[in-house]
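Biologist: Could you walk me through how to read a few features of a structure like this one?
Modeller: Gladly, let us take them one at a time.

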Amino acid sequence: MPYIEPHAHMVSRTTADYEAMAIAGCEVICEPAFWAGFDRSSPQGFHDYYRQLTEYEPARAAKFGIKHYCWLCINPKEAEDAGFAREVMAIIPEFIDAPTVLGIGEIGLNKNTVSELAIFEEHVEIAKKYDLPILIHTPHLEDKLKGTKLILDALKNANVDPARVIIDHVEEHTAGLVLDAGFWAGMTLYPESKCTPARAIDMLENFGMENIWMNSACDWGISDPLAVPKCIQEMKKRQITRELVEKVVYDNPAQFLSQSKNFSIDG
Amino acid sequence: MPSKEDILDLYFMDARCKLIDIAAFLDRVDRHDGNTDFRFDGFHKALEAMQNPGDKPRAQAVLEALSDHSEEPIPKATIQGAFGAPQLNTEN
Ligand SMILES: [Zn+2]
């Protein structure tokens, strides 16, 4: 079945993963800027990373008929040093007009620190200045609930249109907070630390099929680039109609992403 | 929509396996020397939340039992990762 992978870190994956995803039906991959498994030592390291995201990965994906888009930012894990983060953020405008850039992301919080929050708010201002959608990373494990609440408060203070913001990695204790506030929610199918296909489907049953997508967030960690097609299988076992499956894995991400002027599923 | 029987057919064996794994994990910790820490306390709190979730769905109650409930951003990160259970003794 055709699907969109709206959150994957392909810089950490092999070309064989692209091939497997294409065979499984993947037509579009969106790659938020994130941690690459280690802290980069200079803003120049991020300059290279943004080139990788905007030039090399789209070319690698195209060999398998997959469209590759990206989001730009400095991720919260590397934003604890605010001075360093601001130097990296100063590079972003240089790449913002690249034809495959969707918006600002994945920004957010990691350990819910004062500095992370300040850099998050400054990223939101960049998105507002350039009129771009936002993709948000919520913290891991015990930090997720608090971080989600801090993020929701900051977004309300910044007066952003919630329809243009997706808050990713929701779980059962945060999905309601996000959706009730009018934001989009992303569910991440990630072994151990996030959610299983069975739980993702539970959340669809409990919270509805509107303004929600699912992704693998496959990256440098133990993760699965085929998590979305595997969840499609699980949805079939759960007797979800083909129409609704398509809505969750294709139409919903296409609807949200179409708010980026660069996004197109045709051609 | 699948029936309760369908859900049992799909997930009972998997849930049974995970339940026994949890029991064996608790036995394993008991059997070995040394001390437990806040993670084990959090685990027990989460088991209790699963049995007595109040008006919340069980998964939500378990996740909340394993969450940091403080509200202010912390001054500085001391680690990049997370433990899976809150280190502070926070009030719900
Ligand atoms: Zn990510």
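What follows is a conversation about confidence, aromatic rings, a pocket, backbone angles and contacts across the chain.

Biologist: Where should I start, and what ipTM and pTM does the predictor give the complex?
Modeller: Start by remembering that this is a predicted model. The predictor assigns the complex an ipTM of 0.95 and a pTM of 0.96. For chain B the average pLDDT is 94, and 95% of the residues score at least 70. Where pLDDT is low, the predicted coordinates should not be read in detail.

Biologist: Let us turn to aromatic rings. How many aromatic pairs are there over all chains?
Modeller: A pair of aromatic rings is described by the distance of the centres and the angle of the planes. Over all chains, the count comes to twelve aromatic pairs. One of them joins F46(A) and F84(A) edge-to-face, at 6.1 Å centre to centre and with 65° between the planes. This pair links distant parts of the chain, 38 residues apart: F46(A) is in helix 2 (residues 43–62) of chain A, and F84(A) is in helix 3 (residues 82–89) of chain A.

Biologist: Is F46(A) buried or exposed? And what about F84(A), buried or exposed?
Modeller: F46(A) counts as buried because its relative accessible area is 0%, and buried means under 20%. F84(A) is buried as well, with a relative accessible area of 15%.

Biologist: Could you show me a pair in chain B?
Modeller: Take F25(B) and F43(B), an edge-to-face pair with 5.1 Å centre to centre and 65° between the planes. F25(B) belongs to helix 1 (residues 4–31) of chain B and F43(B) to helix 2 (residues 38–51) of chain B, so the pair ties together parts 18 residues apart in sequence. F25(B) is partly exposed, at 30% relative accessibility. F43(B) is also partly exposed, with a relative accessible area of 26%.

Biologist: Back to chain A: which residues form one aromatic cluster with F46(A)?
Modeller: The cluster joins F46(A) with Y49(A), Y50(A), F84(A) and F95(A). F46(A) has a charged partner too: the charged end of R40(A) sits over its ring, 4.3 Å from the centre. For another case of this kind, look at K77(A), which lies over the face of W35(A) at 4.1 Å from the ring centre.

Biologist: Now a pocket. How much space lies in the second largest pocket?
Modeller: The second largest pocket holds about 290 Å³ of space. It is lined by 17 residues, and those closest to its centre are K111(A), D143(A), D68(B), I74(B) and Q87(B). By character, the lining of this pocket divides into seven nonpolar, four polar and six charged residues.

Biologist: How do I read the backbone angles?
Modeller: Most residues other than glycine have a negative phi, and most peptide bonds are trans. With that in mind, look at the peptide bond from G105(A) to E106(A), which is cis, with omega near -10°. E106(A) is found in strand 4 (residues 101–108) of chain A.

Biologist: And where does A217(A) lie, with its phi near 50°?
Modeller: A217(A) is a residue other than glycine with a positive phi. It lies in the loop between strand 8 (212–215) and helix 9 (227–237) of chain A. A217(A) is buried, at 4% relative accessibility. Q239(A) also has a positive phi, of about 65°, although it is not a glycine. Q239(A) sits in the loop between helix 9 and helix 10 (242–257) of chain A, and at 42% relative accessibility it counts as partly exposed.

Biologist: Finally, what separates residues that are apart along the chain?
Modeller: Put the sequence separation beside the C-alpha distance. H140(A) and S193(A) are 53 residues apart along the chain, and their C-alpha atoms are separated by 7.2 Å. H140(A) is in the loop between strand 5 (134–137) and helix 6 (144–158) of chain A, and it is buried at 17% relative accessibility. S223(A) and E192(A) are 31 residues apart in sequence and 9.2 Å apart in space, C-alpha to C-alpha. S223(A) lies in the loop between strand 8 and helix 9 of chain A and is buried, with a relative accessible area of 14%.

Biologist: What about D21(B) and R39(B) in chain B?
Modeller: They are 18 residues apart along the chain, with 17 Å between their C-alpha atoms. D21(B) is found in helix 1 of chain B and counts as partly exposed, at 48% relative accessibility.

Definitions and conventions. Residues numbered from 1 in each chain as written. Chains lettered and ligands numbered in written order. Predicted model: local features only at pLDDT ≥ 70, side-chain atom pairs only at ≥ 80, totals over all residues. Heavy atoms only, no water. Phe/Tyr/Trp six-rings, centres within 6.5 Å; stacked < 30°, edge-to-face > 60°. Helix = DSSP H or I, 4+ residues; strand = E, 2+ residues; numbered from the N terminus. Buried < 20%, exposed > 50% of the residue type's maximum accessible area, 1.4 Å probe, protein only. Lys NZ or Arg CZ within 6 Å of the ring centre and 35° of its normal. 1 Å grid on protein atoms, 1.4 Å probe; cavity = no way out; pocket = protein on both sides within 12 Å on 5 of 7 lines; lining within 4 Å. Points joined across faces, edges and corners; volume = space filled by probe spheres on them. Nonpolar A, V, L, I, M, F, W, Y, C, P; charged D, E, K, R; others polar. pLDDT = per-residue confidence, 0-100.
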